[in-house]
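User: I would like to learn how to read the empty spaces in a protein structure, and what a bound molecule has to do with them. Could you take me through an example step by step?

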Amino acid sequence: MRVIYPGSFDPPTRGHVDIARRAAALYGDLVVVVMGNPDKGPGLSLERRAALLDKCLAGTPGLRVQVYRGLLADAVKDLGARAILRGLRDQGDYQAEKPVADGFLDLFGVETVFMQCRPELGYVSSSMARQLLRLGGPAEGLLPEAIAQEIKSAYR
Ligand code: ADP
């Protein structure tokens, strides 16, 4: 079953990579979709984020990464997906995601599935990584090993 995992991934974190690998193993056909989020401001280009994800996820069976410009509801249709996957860290994520998932089901008939993050990755976020990288702090703990060196100066 094809599922899409949309997000900003600016930058991809260890949390994203863990969810993507586990979801690919579970569903067998996962498309990680890099999309712009107007609420989050500009960061790395969508293409750069996709290339970084590709590096982190290289060799993972049942998974591919692509950029999509447009509405998520259209992405679901265009890519022939059965559901949207979102990762959940805590109640804050759930509170933010629930009305969106309800809306997708009601307005577009699109299902959303949630995957719990590993407890030890619950504090990991792109925003924390961006802040640390902007200030030249150590962000290695938040970033997948495959890209940690390469993006050290990407947000400065
Ligand atoms: P968006 O702008 O769509 O929220 P993000 O890149 O911040 O994009 O997140 C993409 C998805 O990954 C979201 O479902 C988010 O909840 C999930 N996610 C983010 N960080 C983690 C983490 N540490 N563990 C599990 N899921 C996470």
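Analyst: Please keep in mind from the start that this is a predicted model. Rolling a probe the size of a water molecule over the atoms shows where empty space is left. In this structure, the largest pocket found holds about 1000 Å³ of space, and among the 41 residues that line the largest pocket, the closest to its centre are Pro6, Gly7, Lys40, Arg86 and Glu97.

User: Which element gives the most to the lining of the largest pocket?

Analyst: That element is α4, which contributes 7 residues to the lining. Other elements also take part, since β1 (2-7), α1 (14-27), α3 (72-78), β4 (83-88), α4 (91-108), β5 (111-116) and α5 (126-134) each supply at least two residues of the lining. Sorted by class, the lining of the largest pocket has 20 nonpolar, 13 polar and 8 charged residues.

User: Where does the ligand sit, and how many residues surround the ligand?

Analyst: The ligand sits in the largest pocket, and it is surrounded by 17 residues, of which the closest are Tyr5, Ser8, Phe9, Lys40 and Gly87. The shell around the ligand draws at least two residues from each of β1, α1 and β4, and its residues divide into 7 nonpolar, 6 polar and 4 charged.

User: Which polar atoms of the protein should I look for beside the ligand?

Analyst: Begin with Phe9, where a polar backbone atom is 2.8 Å from an oxygen atom of the ligand. Next, find Val124, where a backbone N or O atom lies 2.9 Å from a nitrogen atom of the ligand, and then Arg89, where a polar side-chain atom lies 3.2 Å from a nitrogen atom of the ligand. As for the surface of the ligand, it exposes 550 Å² when taken alone, and the protein buries 92% of that.

User: What does the search of the whole structure find in the way of cavities?

Analyst: The search finds 1 cavity of 30 Å³ or more, and the largest cavity has a volume of about 40 Å³. Its lining is made by Ser8, Asp10, Asn37, Lys40, Gly41, Arg49 and Arg130, and these residues divide into no nonpolar, 3 polar and 4 charged.

User: How should I read the backbone of the loop between β1 and α1, where Phe9 lies?

Analyst: As a general guide, most residues other than glycine have a negative phi, and most peptide bonds are trans. Against that background, look at Phe9, which has a positive phi of about 50 degrees although it is not a glycine, and which lies in the loop between β1 and α1. Pro11 is also placed in the loop between β1 and α1, and the peptide bond from Asp10 to Pro11 is cis, with omega near 0 degrees.

Key: Residues numbered from 1 in each chain as written. Predicted model: local features only at pLDDT ≥ 70, side-chain atom pairs only at ≥ 80, totals over all residues. Heavy atoms only, no water. 1 Å grid on protein atoms, 1.4 Å probe; cavity = no way out; pocket = protein on both sides within 12 Å on 5 of 7 lines; lining within 4 Å. Points joined across faces, edges and corners; volume = space filled by probe spheres on them. Helix = DSSP H or I, 4+ residues; strand = E, 2+ residues; numbered from the N terminus. Nonpolar A, V, L, I, M, F, W, Y, C, P; charged D, E, K, R; others polar. Near = heavy atom within 4 Å. Polar contact = N/O pair within 3.5 Å; in protein donor to acceptor, adjacent residues only side chain to side chain. Areas by Shrake-Rupley, 256 points an atom, 1.4 Å probe, with all protein chains shown as cover. Sits in = over half its atoms within 2 Å of the grid points.
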